[in-house]
Amino acid sequence: MSKPLEGIKIIDFTHVQAGPACTQLLAWFGADVIKVERPGSGDVTRNQLRDIPDADALYFTMLNSNKRSLTLDTKTPEGKEVLEKLVKESDVLVENFAPGALDRMGFTWERLNELNPKLIVASVKGFSDGHHYDDLKVYENVAQCAGGAASTTGFWDGPPTVSAAALGDSNTGMHLAIGILTALIGRGQTGRGQKVAVSMQDSVINLCRVKLRDQQRLDRVGYLEEYPQYPHGEFSDVVPRGGNAGGGGQPGWVLKCKGWETDPNAYIYFTIQGHAWEPICRALGKPEWISDPNYATAQARQPHIFDIFATIEAWLADKTKYEAVDILRKFDIPCAPVLSMKEIANDPSLRASGTIVEVPHKERGTYLTVGSPIKFSGLKPEITGSPLLGEHTDEILSELGYSKDQIANLHTSRSV
Ligand code: COA
């Protein structure tokens, strides 16, 4: 089966997570992704949080599958020459260096555009160009704080809290992938490449859209009825942290199930969909609530929503999270068990769908990774292992037309 991005050559000048997550996705879908890394050290994540001495860390392997690795010192004249040749033959260059690093290397947008007017140059930065923080280096949690996520996550009596989900890193990479694909389609129309830039702050803000909705509602009416603070607590003039409250019109909460005293994940998320009130009452064995004016409407329920959740928890006390969901699903109630990473790693459905995959690696044996979350009817991405540092250097140099002697000289000068 041919892959839709076959024939697209990408210079992957990315490191850590935000950039690599983007290029890995494009590699799954068929692009030839050449990861350019500094000789000797490579992407810093190869060495970070190693679980096997002398083998690439999972941090690296899980973000760089399906790529080829070229070691290249792009600060030596010989290294620059190799990069220039590569630029002339490539469709996209992706980078997520600190602000100004690519320019300092001599590869400004103008220079890249001069070398190859069809090249798409895609960048991740912490803040967008022209922002008053656009000189800052940024990692995941910095972006979550600057993007509004941290101030609205956690409990009202605790500090701002970051999410375990990589809203700043991988999320930004996904935004960049959309930008690159859009620019590729645009190039089909104009024949020209362009600059695509995504900031981590902007990408987090894009996912915090409903919190900006809430800020405007709060400004207008002074309260937010779906937050636990309503109606008994206090609202200030900023969107508060709402704990585990649902963000839409459906109240929801994380509820204890059988075994919660010893199992940190013996919980389900329970959602009270307005139109599903009757089945909820039937599932819980509370038919009298269906017509009780204190419970019959969402508005009537809101003042004592936590009493309702307490009643549901009492019902859950003798059921495991799986048993509870098996009962509730029959009543069409939106809910799910709180799954640990261990449960996700071993989930047969996730294995069958290719969302969790085992991948071979030359040094590690096999490792577990997250496969494509995007499913196609005409493409089943095959996830291959990440490359060793410089594994494809000679192969890529000879594709660029370098002779064996020239390649040997590049090695001797430590440019590759
Ligand atoms: N050959 C020669 N030099 C290379 C090279 C190569 N193959 N690859 C990288 N370098 C150089 C860069 O040019 C830069 O040199 P300079 O500072 O002299 O200009 C240097 O390596 C370090 O790059 P930098 O990006 O500053 O790394 P860092 O480790 O100090 O910072 C980040 C890491 C992630 C904080 C920073 O890159 C950043 O803010 N990136 C943008 C936001 C981002 O993507 N963050 C999320 C990461 S998950």
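1. Which of the 24 residues around the ligand come nearest? In this predicted model, the residues that come nearest to the ligand are Lys75, Ala98, Arg104, Lys137 and Val138. The shell as a whole, when its residues are divided by character, holds 12 that are nonpolar, 5 that are polar and 7 that are charged.

2. Some contacts with the ligand can be followed atom by atom in the structure above. Arg104, already named among the nearest residues, places a polar side-chain atom 2.8 Å from an oxygen atom of the ligand, and the side chain of Arg38 has an N or O atom that is 3.0 Å from an oxygen atom of the ligand. With Thr74 the backbone is involved, since one of its N or O atoms there lies 3.1 Å from a nitrogen atom of the ligand. On its own the ligand has 930 Å² of accessible area, and the protein covers 84% of this.

3. The place where the ligand sits deserves a separate remark, for the space that the ligand takes is the largest pocket.

4. A cavity should be kept apart from that pocket when reading the model. The count of cavities of 30 Å³ or more comes to 1, and the largest cavity holds about 70 Å³ of space. Its lining includes Glu226, Tyr227, Pro228, Trp253, Phe306 and Phe309.

5. As for the overall layout, the domain assignment gives domain 1 as 9–206 + 346–413, in two stretches of the chain, and domain 2 as 252–333. Between the C-alpha centres of domain 1 and domain 2 there is a distance of 43 Å.

Conventions
Residues numbered from 1 in each chain as written. Predicted model: local features only at pLDDT ≥ 70, side-chain atom pairs only at ≥ 80, totals over all residues. Heavy atoms only, no water. Near = heavy atom within 4 Å. Polar contact = N/O pair within 3.5 Å; in protein donor to acceptor, adjacent residues only side chain to side chain. Areas by Shrake-Rupley, 256 points an atom, 1.4 Å probe, with all protein chains shown as cover. 1 Å grid on protein atoms, 1.4 Å probe; cavity = no way out; pocket = protein on both sides within 12 Å on 5 of 7 lines; lining within 4 Å. Sits in = over half its atoms within 2 Å of the grid points. Nonpolar A, V, L, I, M, F, W, Y, C, P; charged D, E, K, R; others polar. Domains from an automatic or database assignment. Points joined across faces, edges and corners; volume = space filled by probe spheres on them.
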